[in-house]
Amino acid sequence: MRVAPAAAGLFAMLALLACDLPRDPERTLERVRERGIRAGLADAPPWAMRRAGAPAGVEVELLEELARRLGTRVVWHPGGLEAHLAALHHRELDVVAGGLTSDTPWKKRVGLTRPYYSEELRFGAAPGTPPPTSLAGVRVAVRAGSAEAHLVRARDAVPWRVQSPRGHPLVAAAAWELAAWGHRPFGEPLHRREHVLAVAPGENGWLLRVEEALAGREERVRRRLGELAKP
Amino acid sequence: MRVQGPYRLPEDKERLRRRAARLEWISLGWMASIVVVVGLAMGSSQAMKAAWVEDLLSLVPPVAFLVASRFESRPPSERFPYGYRRAKGISFLIAAVALLVFGALLLADSLVALARGEHPTVGAIDVAGRTIWMGWLMAGALLYSVVPPMVLGRRKLLLASRLHDKTLHADASMNKADWLTGVAGIGGILGIGLGWWWADAVAAGIISLDILRDGVVNVRRVVEDLMDRRPQTVDGDEPHPVATRLRLELETLPWVRRAEVRLREDGQVLIGEAFLVVGDPGADLPARLARAGELARGVDWRVHEVVVTVVPDLPPPA
């Protein structure tokens, strides 16, 4: 049969090529080494933000670390998320930090990394407050203007929209926030947000480098989130 | 209404049929595992999506074969006096139309991707604690999808011509051509790896053309079958020699001056009419005609029922 030699040949070819694949159609990986990483920065605390004018946040730190590994630097472009993603689609930016999650509707037009952090939204009880046995009709504090109220309502609880849920007896917030505030999580998670970075579409060599930089960072991200949540 | 007699395959053919059914069950198992493996590794490659759709569609002919086998063997009834042998043709028509439609959709998809200059993004995956490019996994899955259909296709092709089963034949030739899909898919993935963004859409285009071709060929074939085309060889466009053999056999009868037959394929069996010009009808004509009918059935295992009539004259042979 012709199959066996063909397969063997294919394997040999793969092994030979494996060393430096995948390559970028637009040579992004080579170019970021020359001109720096062109990064869009959209306000999304604590993932990406500006503190005293300087870029800050979890994603900013991850990208600065990547730049150090590649022996280059990050050129930050502050702006709106939508404009950044449009620029990314046309490869005018190399990466965007803006608190994106894996179910962004932009996923068809830009490249997404795998989740570097999985954020759980949970109910929390303040110290000294016993978790209720049933959530039906219970008032739960949520951050006003967030999507959390909807999730709380879906569990038959009554959302109480406040400026900051911190210090309220019963709250719904991200697990890392609950930990920072000293609230005890209870019940099933309400929702899960898989946080990702967006990269220029089709630049697969570049994407692989970003992925390598993100791999195994979950624990560190969790710790940094805790530090950022404390005032 | 007079119901047709039940048809039973000769013993040796029945054994072959059971072997074909077993092969189709094995095909189903293999192809389902391929659909799962390729589906899990799919990612955002257009070529891989096309390959996956083809794998998925290649489940249909075995299912059609196995489902239709159940119906086919039912004896003819008052309601269906010709039996259930068309079941296979009907299920295969559905499969062929599905191939046609999906082939066309995928082709349009790839052309749009090409025209828009869409750069496929293929990320990373962790294997044994190391971050590797997802493309390797995708190519591996496609490699897995190449071998089983080729092996199965060869074995089914052999059975198909011995059983004269067109569903099986179409299924087998689709399987045999499946390696093209896998190789094109792997080419697309490697192309992405080499930084040729267009390679993926081109590979997808090749695969969808292959699906489309399968669809066109099979729709034509099955429509011709359902249109009662003359009996043909299973793998070619030639008229099947059985019609001539049947005519010559009938003409060996001493009381027959000339004979002509009209046959059609009904599933894998043949039914039709024989027209005889006789010299001296004699007193026992009904018995003679019955014997002629028996003679006709003995010519080939596929001949099931030939209605014999006497005509005053036949047009001269063409």
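Biologist: Which residue of β4(B) stands opposite B:E265?
Modeller: B:L270 stands opposite B:E265 in β4(B). This is a predicted model, in which local features need pLDDT of at least 70 and side-chain atom pairs count only at pLDDT 80 or more, while totals for chains, interfaces and linings use all residues. Residues are numbered from 1 along each chain as its sequence is written, chains are lettered from A and ligands numbered from 1 in the order in which they are written, and side-chain values use heavy atoms, with hydrogens and water left out.

Biologist: How do you know that β3(B) and β4(B) pair?
Modeller: Strands, as DSSP runs of E with at least two residues, numbered from the N terminus, pair if DSSP finds at least two bridges between them. β3(B) and β4(B), the latter covering residues 269–278, have 10 bridges in the antiparallel sense, so they count as paired. B:V256 has B:V278 in β4(B) as its bridge partner. In the hairpin of these two strands, which has 2 residues between the strands, B:G267 takes a positive phi near 65°.

Biologist: What makes β3 and β5 of chain B edge strands?
Modeller: The open sheet has the order β3-β4-β5 in chain B, with mixed pairing, and β3 (256–266) and β5 (303–310) are its edges because each pairs on one side only. Neighbouring strands of this sheet are turned by 20° against each other on average, direction ignored.

Biologist: What packs on this sheet, touching β3, β4 and β5 of chain B?
Modeller: Helix α9 (residues 242–251) of chain B does, and its direction makes about 150° with that of β3(B). Such angles run from 0 to 180 degrees between N-to-C directions, with axes fitted to C-alpha atoms, for helices over the stretch in contact. Helix α10 (residues 285–299) of chain B lies across β4 and β5 of chain B, at about 150° to β5(B).

Biologist: Why is the link between B:D126 and A:R114 called a salt bridge?
Modeller: A salt bridge requires a side-chain nitrogen of Lys or Arg within 4 Å of a carboxyl oxygen of Asp or Glu. The side chains of B:D126 and A:R114 meet at 3.3 Å, N to O, so the pair satisfies that rule. Across the interface of chain A and chain B the rule finds 1 salt bridge, whereas the structure holds 39 over all chains.

Biologist: What makes A:R193 and A:E148 a salt bridge?
Modeller: Their closest N and O atoms are 3.5 Å apart, so the pair meets the same cut-off. The pair links distant parts of the chain, with A:R193 in strand β11 (residues 184–195) and A:E148 in helix α5 (residues 148–154) of chain A, 45 residues apart.

Biologist: How many residues of chain A are in contact with chain B?
Modeller: With contact meaning heavy atoms within 4.5 Å, 27 residues of chain A touch 24 residues of chain B. The two chains bury about 2,100 Å² between them, 71% of it on carbon and sulfur atoms, buried area being the accessible area (1.4 Å probe) lost on putting two parts together, summed over both.

Biologist: How do you know that β5 and β12 of chain A pair?
Modeller: β5 (residues 95–97) and β12 (residues 198–199) of chain A have 2 antiparallel bridges, so they reach the minimum for pairing. A:A198 in β12(A) is the bridge partner of A:V96. These strands belong to an open sheet of 5 strands in the order β4-β1-β5-β12-β6 of chain A, with mixed pairing, whose edge strands are β4 (74–78) and β6 (111–112).

Methods. Helices (H or I, at least four residues) and strands (E, at least two) are DSSP runs, numbered from the N terminus.
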